[in-house]
Structures are given as structure tokens and as C-alpha cells.
Amino acid sequence: MSDTMSLYTMNIQTYTQEVVNLHTHSYYCGHGFGEVTEYAQEGQRQGLKLLGMSEHCPVPDNRWGTSRMSYSMLDSYTKDCLATKDEYAGRLEVLRGFECDYLRQYQSYFEELRSTCDYLFFGVHDLSLDIGCEYSMFWNPLTKDDLIAYTKFYVQCIESGLFLFGAHPDVFCHSYRAWDEEAIACSKAILECALANDVALEINGNGMRKGLVKTSYGTRYAYPHHEFWKLAAQYPVKVICNSDAHNPSYVNDSMARCLLFAQECGITYSSFQVEKDRGGNSGAKLSLIGGEHPGLEKRGAVSC
Ligand SMILES: [Zn+2]
Ligand SMILES: [Zn+2]
């Protein structure tokens, strides 16, 4: 092995799911609480080794501005994350990322942002194309047409090539309570697209904290939905879990439940690799290894 190669290898650190949370929101987004440094303090106390800050990402025209960080706060957020990263060096790896809502017109903006931070992921929260009129996934029961619209948005995000993973792909289950033909078809479309584009999917702890909902076929979490993830276990798709904390006390709150949930669904979580000390402003390079779920070997991978 050459000297260059051995140095390269030494700079890669691997983490297992139990000590990682990449989905956290501080006071910057307006509906979260706590400072970045408080997340690190609490993360270390709760046993995390890799903590990703992922503020709701602003866009230059401040679309989604009522629930996203303001564009003018980007620099301050960056400074906070970098200062906390330095403060916790050697104890807790702190990364700077963003949770993005995506539309095609922001592609080049996100490409540039991605080159200066550690990672981006996306969530679909709004089904409206009108900048002045949000159609939230949480406000009303979703129709079958809404479900199809959601799936198209989700697939478009995956295909953008920008994102390490997609947050709560089954969030539609919050407001679409049936697990029917349409729900299965949309879930399969998301899973197949994620697999084809090597984008991981997230089991979301915040949905678990929202409590249980009653449906005609029993009581379940609003999301994550067991049926979605049992389907996911039939694909060699990468899966991770995150707390989606909006308060430092929740930074690792849902891990035990997420581990149990994955076990019940036949999911094995991916592991995380951080390539450190890349120099310049390019940040750390984060990648995921996984996609081998226990039942796959017996059944054989689903072709798509
Ligand atoms: Zn939020
Ligand atoms: Zn979030």
C-alpha cells in the first residue's frame, strides 16, 4: 500500500447506527429549540459519537419561510456548527448538514451548498407549487391524488442526485390512513427509485413521538408505518434511523424504539463512514454502507 493510500484509509472513521443521529433542528428554523452547542453537549451525554446538525434549509427567495431557517442566518449557522465541531473534536464528531425541501429551480443552489457542507438530505412536507400557498402533509387527510403527487415529489428529490438520504418516506401515512393498493404502489415506487439511485431512506423517530393513531386495521404510529418498512426489507435499499429532534433532550431519544422497530420489520441499518480532514471548506465526506436485510438472502433481491 502506498503512503498516500494508507493516509487516506486512516482518515475514514466508521460508526454504527446506535451512536449516530443526523437529523436535528435547533432554534434556527423557528420551530425548534436549543443552540447547536446544546445539541452536542446532550448528544455526548446520551452516548452519540456522530451528530449531524440538519437545519431546515433556506432558499434564496425564502419559500417555506414560516417553518425554515431564514436565508440571512446561513452564515451564523455555519459558524455555530464549525465552532461546535472544534469544541467537541476527539469526543463527538459534529457535522453540518441541511434538511432540504426541493424543487427543480433550486438544483444549482443546492449543488453549490452541498459542495461547502457535509451532507444534504430531503423531506417532502409541502405538496404545493405555489410559493404563497403551502399544502402541508400534516394539515388535512390526503386523497389518492395527493398521495400520487407526494410520490412524484419524493421520486424527483431522489433523482436530483443531491441527497444522501430521504427523510420519513412514509410520512404520507400520517394523513393517508389506509394501507391499500395505492399506498403499496406508491411505496414500491419510492423504494425502487431509492434503490436505483443509491439513496438511503430514514425511519423517523419524530413520527414515533407524535403518538399512536387508530385506523380501521388497528393502532399504529402515524409514521413510521410497519407495512412500509416490511416492504422495504424486501429490497436491498439502505436504511438509517434518526431522531429528527427539535429539542436537545430528544437528540438520541428514539434510538431504542427505532432499533426495535427495524427488528420487527426485518430491516438492518446501514453504517456510516466519515472521511475526515479533507481540508479547505469542503467539509467531511459522509457515506453509508448497507442494504443487507436478513430476509433478502432467502427470498433473493426484488428486481426493479
Ligand atoms: Zn422541523
Ligand atoms: Zn426534520
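Two residues are taken to be in contact when their C-beta atoms, placed from the backbone, lie within 7 Å. With that in hand, the contacts of Ile190 in this predicted model are easily read. Leaving aside neighbours within four places in sequence, Ile190 is in contact with Thr151, Tyr154, Val155 and Pro169. Ile190 itself sits in helix α6. Because 25 C-beta neighbours lie inside 10 Å of Ile190, against the 20 or more that burial asks for, the residue counts as buried. A longer look along the chain takes us to Glu292, 102 residues away from Ile190 in sequence, with 18 Å between the two C-alpha atoms.

The helix that holds Ile190 deserves a description of its own. Helix α6 runs over residues 181-196, which makes 16 residues. From its first C-alpha to its last, α6 reaches 22 Å, close to the 22 Å expected at 1.5 Å a residue. Its buried residues are Ala183, Cys186, Ser187, Ile190, Leu191, Cys193, Ala194 and Leu195. The cover over these buried residues includes two helices, α5 (144-159) and α8 (226-232), along with the strands β6 (165-166) and β7 (200-204). After α6 comes Asp198, with a positive phi near 55°.

Helix packing is the next topic. Two packed helices are described by the angle between their axes and the distance between the axes. For α5 and α6, the axes come within 9 Å and cross at roughly 5°. With angles under 35 degrees counted as roughly parallel, α5 and α6 are therefore roughly parallel to each other. On the α5 side, the contact is made by Lys144, Leu147, Ile148, Thr151, Tyr154, Val155, Ile158 and Glu159. The α6 side brings Glu182, Ala183, Cys186, Ala189, Ile190, Cys193 and Ala194. Thr151, Tyr154 and Val155, named above among the contacts of Ile190, thus appear here too.

A second helix pair is formed by α2 (residues 36-45) and α3 (residues 74-87). These helices pack at an angle of about 30°, and their axes are 9 Å apart. Helices α2 and α3 are therefore roughly parallel to each other as well. Their crossing is right-handed. Where they meet, α2 supplies Val36, Thr37 and Ala40, and α3 supplies Asp80, Cys81, Thr84 and Glu87.

Outside the helices, Tyr269 offers another local view. Tyr269 is found in the loop between α9 (255-265) and β11 (271-275). This loop residue counts as buried because 21 C-beta neighbours lie inside 10 Å. Not counting residues up to four places away in sequence, Tyr269 touches Gln17, Val239, Ile240, Cys241, Ala262 and Gly290. The C-alpha atom of Tyr269 is separated by 9.6 Å from that of Glu202, although these positions lie 67 residues apart along the chain as a sequence separation.

Turning to the whole protein, the secondary structure comes to 10 helices and 12 strands. The radius of gyration is 19 Å, close to the 19 Å given by the globule rule for 304 residues, so the protein is as compact as a globular protein of that length. Taken along the principal axes, the C-alpha atoms fill a box of roughly 55 × 50 × 35 Å. Buried residues make up 44% of the 304 residues. Finally, of the contacts between residues at least 6 apart in sequence, 72% join residues at least 24 apart.

Notes. Residues numbered from 1 in each chain as written. Chains lettered and ligands numbered in written order. Predicted model: local features only at pLDDT ≥ 70, side-chain atom pairs only at ≥ 80, totals over all residues. Helix = DSSP H or I, 4+ residues; strand = E, 2+ residues; numbered from the N terminus. Expected span 1.5 Å × (residues − 1). Buried ≥ 20, exposed ≤ 12 C-beta atoms within 10 Å, placed from the backbone. Rg over C-alpha atoms; globule rule 2.2 N^0.38 Å. Axes fitted to C-alpha atoms, helices over the stretch in contact; angles between N-to-C directions. Parallel < 35°, antiparallel > 145°, perpendicular 65-115°, else oblique. Left-handed = near helix turned anticlockwise from the far one by under 90°.
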